[in-house]
Structures are given as structure tokens and as C-alpha cells.
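Subject: Handing over the structure

Hello,

Here is the structure I promised to pass on to you. Please open it next to this email, and then read on at your own pace.

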Amino acid sequence: MANASSCDVLIVEDDMIQCEEMAGFIARAGLLVEMAYNGSSALRRVAAVQPRVALLDYNLPDMTGVQLAEQLRALLPEVAILMMSGRIDGLSETTLRESGITVFVNKPLPLGPLRQAVIKLVRNGPPDPALRSGWLAAGVGGTR
């Protein structure tokens, strides 16, 4: 499925500084990273870059991360999707599972564990659908 313009990770985060910080940190692991700052631009890019992992902010200016995840899942059934947010209002494990979200990450993001999770997903692909959903918690005062 990979092609010449494929990437390992697509990060969709409307905070440009935070997006670039995450992209730089993940890219230092030798992964090819693309960025988008809203859901619409992510959907336009996804066909061209065919990411193996999508790291989505929940609160985007034009749609929620869950809405974006559902559209990404339809376009790329094999993509591993990580959702991140500091606010989890209305997000349940059922919502995550039904949207095809592999892992939820609390903000502030622990960049080291996040990078390790992304590397594992890039190398191994998403886990078995029965084991897909999970939570990666930064705890209070997670490092950035």
C-alpha cells in the first residue's frame, strides 16, 4: 500500500507550535512526519501521504477528532489512530472503539512515551481490533 509519497505519521493539531514540536520530536526517531492544522487539510493530504499512524487532536477548528477519525478510518482502514486532548468531555471508551481510535492520549503529552507508542504502531501496525482501544495517561504535569 505504501507509495513514494507515503509517510509514517500524520499529526493533526491546530496549535501550530505544539504540532511542530511533536513532529520534530517524532521525526528525530527517523520517522517521516506530515502535519495538518485542521480536519479539512488532513483529509486533503491523507490520500497523497497515506500515513501508517494518525495523531489527532480532539478539538479542531472545523470538526472534532472523532469525526475526523471516522472519515480517516473509511479512507484508510489500516491506519492506527491516536486521539489526544486535554478535555475528554463526551469521550468514552465506546466512542473511541466505535470510531476506530486505537489509543487516547491525555494532554499535556508525555512526548517520550508518545514517540515510543508511535514507533511501535508504525513498525507493527494497529493491534488486533479486539484489543484496539487503550489509554496512555500523562498524569498531572506530564512532560512536554
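Below is what was found in it, going from the overall layout to single residues.

One thing to know at the start: this is a predicted model.

**The overall layout**

The protein contains five helices and six strands. If you follow the sequence from its start, these elements come in the pattern β-α-β-α-β-α-β-α-β-α-β. The protein has 144 residues, and 47% of them are buried. Taking contacts between residues at least 6 apart in sequence, 68% join residues at least 24 apart.

**The nonpolar cores**

A good place to begin looking is the largest nonpolar core, which has 22 residues. I11, L82, L114 and V118 are the members that touch the most other members. Two or more residues come from each of β1 (9–12), α1 (16–27), β3 (53–57), β4 (80–85), β5 (103–106) and α5. Which element gives the most to this core? That is α5, with six residues. Apart from this core lies another one, of 21 residues, and A69, L72, I81 and I101 are among them.

**Helix α5**

Helix α5 covers residues 111–124, which makes 14 residues. At 1.5 Å a residue, the helix should span 20 Å, and its end C-alpha atoms are indeed 20 Å apart, so the two values agree. The buried residues of α5 are L111, L114, R115, A117, V118, I119, L121 and V122. It helps to recall that an α-helix has 3.6 residues a turn, so residues three or four places apart point the same way. Just after α5 comes G125, which takes a positive phi of about 80 degrees.

**How helices pack**

Two helix pairs are worth a look.

For α1 and α5, the axes are 10 Å apart and the packing angle is about 60 degrees. The two helices are therefore oblique to each other, and their crossing is right-handed. On the α1 side, the residues that meet α5 are E21, M22, F25 and I26. On the α5 side, they are L111, G112, L114, R115 and V118.

The other pair is helix α2 (residues 39–49) and helix α3 (residues 65–75), whose axes come within 11 Å and cross at roughly 10 degrees. That angle is under 35 degrees, so α2 and α3 count as roughly parallel to each other. Their contact is made by G39, A42, L43 and V46 of α2 together with L68, Q71, L72 and L75 of α3.

**Some single residues**

Here are a few positions to click on as you explore.

- A23 is found in helix α1, and A23 is buried, with a relative accessible area of 9%. Not counting residues up to four places away in sequence, A23 touches I11, V33 and M35. A23 and V9 are 14 residues apart along the chain, and their C-alpha atoms are separated by 8.6 Å.

- G65 is found in helix α3 and is buried, at a relative accessible area of 0%. Leaving aside neighbours within four places in sequence, G65 is in contact with L56, D57, Y58, L60 and M83. The C-alpha atoms of G65 and M83 are separated by 6.9 Å, while along the chain these residues are 18 residues apart.

- S85 lies in strand β4. Is S85 buried or exposed? With a relative accessible area of 1%, S85 is buried. S85 touches D57, Y58, N59, F104, V105, N106 and K107, again not counting residues up to four places away in sequence.

- I101 lies in the loop between α4 (93–98) and β5. I101 is buried, with a relative accessible area of 1%. Its C-alpha atom and that of V79 are separated by 9.5 Å, and the two residues are 22 residues apart along the chain.

- S6 is found in the segment before β1. Its relative accessibility is 19%, and buried means under 20%, so S6 counts as buried. Not counting residues up to four places away in sequence, S6 touches L32, A48, V49 and Q50.

Enjoy exploring the model, and do write back with any questions.

Best wishes

Conventions
Residues are numbered from 1 along each chain as its sequence is written. This is a predicted model: local features need pLDDT of at least 70, side-chain atom pairs count only at pLDDT 80 or more; totals for chains, interfaces and linings use all residues. Side-chain values use heavy atoms; hydrogens and water are left out. Helices (H or I, at least four residues) and strands (E, at least two) are DSSP runs, numbered from the N terminus. The expected span of a helix is 1.5 Å times one less than its number of residues. Buried means under 20% relative accessible area, exposed over 50%, partly exposed in between (1.4 Å probe, protein chains only). A nonpolar core is a set of buried Ala, Val, Leu, Ile, Met, Phe, Trp, Tyr and Cys residues joined through side-chain atoms within 4.5 Å. Contact means heavy atoms within 4.5 Å. Axes are lines fitted to C-alpha atoms, for helices over the stretch in contact, and angles run from 0 to 180 degrees between N-to-C directions. Angles under 35 degrees count as roughly parallel, over 145 as roughly antiparallel, 65 to 115 as roughly perpendicular and the rest as oblique. A crossing is left-handed if the near helix is turned anticlockwise from the far one by less than a right angle, and right-handed if clockwise.
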